[in-house]
Number of protein chains: 2
Amino acid sequence: MEMNQLNSSYIGAEYTMSIISGKWKPLIIYHLRQGTKRYGQIKRLVPDASPKVLIQQLKELEHDGIINRKSYPEVPPKVEYSVTAKGRSLYPVLDLLWFWSHQKL
Amino acid sequence: MEMNQLNSSYIGAEYTMSIISGKWKPLIIYHLRQGTKRYGQIKRLVPDASPKVLIQQLKELEHDGIINRKSYPEVPPKVEYSVTAKGRSLYPVLDLLWFWSHQKL
DNA sequence: CCGAATCCAGTCGGATACTG
DNA sequence: CAGTATCCGACTGGATTCGG
């Protein structure tokens, strides 16, 4: 599949965008990129996200196979989030999005 | 600026996404990529977009410097839309978004 | 031909309080 | 500690009608 001869319009670009669009998703992925983190850590790293929204975005990322949720049956509860292989394949995409925005034209 | 050592989180990725997120924007850019088009042509190429929304997305793309609007003072009116240099710099981004969505993992 | 104006439904994120 | 539950305002896109 050639990158310099794309044909079938941009149907599919929307799909990728739907996965990473969500107010806190890029930031969540960025932090998890540095390593596995517990829920409380993420909450502190993304303090402006309300618990409802934060959990919601984590669930969506998990549902889309971008991150993995591991729950430990302990008291108190412990939950760890990490990036999956599919999620790591997203790094170049996010990097390019970031790069474009910082580009001077 | 190194692509393999991004630091300042992903602030900026959201900015790029905000520019191309909009229900018909990728499709509009795709069609304009084939060459300058009149409003009526775009309307026919993106038939499911209502006139209000279509004009709205075209205006946003114009405001963000992605496309150019050229109006000819004729009767009947004639308006042409084309992609700017900044818009063309967006092709690799859209291509990568498209490519990622078609990738098998 | 190229839009503008109005009204409307659905989705998204935020604030706050509460729970196993 | 790691979430749920409820309510709510803002924004986005859609349907339709009208105008220069």
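A polar contact is a pair of N or O atoms within 3.5 Å. In this predicted model, a polar side-chain atom of Lys59(B) is 2.9 Å from a phosphate oxygen of DNA strand C, so the pair falls within that cut-off.

Lys59(B) is also one of the residues that come nearest to DNA strand C, along with Lys23(A), Lys52(A), Ile55(B) and Arg69(B), out of 21 around the strand. Of the strand C atoms within 4 Å of the protein, 63% are sugar or phosphate atoms, and the rest belong to bases. The residues of this surface comprise 11 nonpolar, 4 polar and 6 charged. Helix H4 (51-63) of chain A supplies at least two of them, as do helix H3 (39-45), helix H4 (51-63) and strand S3 (78-83) of chain B. The most, 5 residues, come from H4(A).

DNA strand D is likewise surrounded by 21 residues, of which Arg38(A), Ile55(A), Arg69(A), Lys23(B) and Lys52(B) are the closest. Sugar and phosphate make up 64% of the strand D atoms that come within 4 Å of the protein. Here the surface divides into 10 nonpolar, 4 polar and 7 charged residues. Helix H3 (39-45), H4 and strand S3 (78-83) of chain A each give at least two residues to it, and so does H4 of chain B.

Further contacts to phosphate oxygens are listed below.

| Residue | Part of residue | DNA strand | Distance |
|---|---|---|---|
| Trp24(A) | side chain | strand C | 3.0 Å |
| Arg38(B) | side chain | strand C | 3.1 Å |
| Gly40(A) | backbone | strand D | 2.9 Å |
| Val79(A) | backbone | strand D | 3.3 Å |
| Gln57(B) | side chain | strand D | 3.1 Å |

Technical notes: Residues numbered from 1 in each chain as written. Chains lettered and ligands numbered in written order. Predicted model: local features only at pLDDT ≥ 70, side-chain atom pairs only at ≥ 80, totals over all residues. Heavy atoms only, no water. Near = heavy atom within 4 Å. Polar contact = N/O pair within 3.5 Å; in protein donor to acceptor, adjacent residues only side chain to side chain. Helix = DSSP H or I, 4+ residues; strand = E, 2+ residues; numbered from the N terminus. Nonpolar A, V, L, I, M, F, W, Y, C, P; charged D, E, K, R; others polar.
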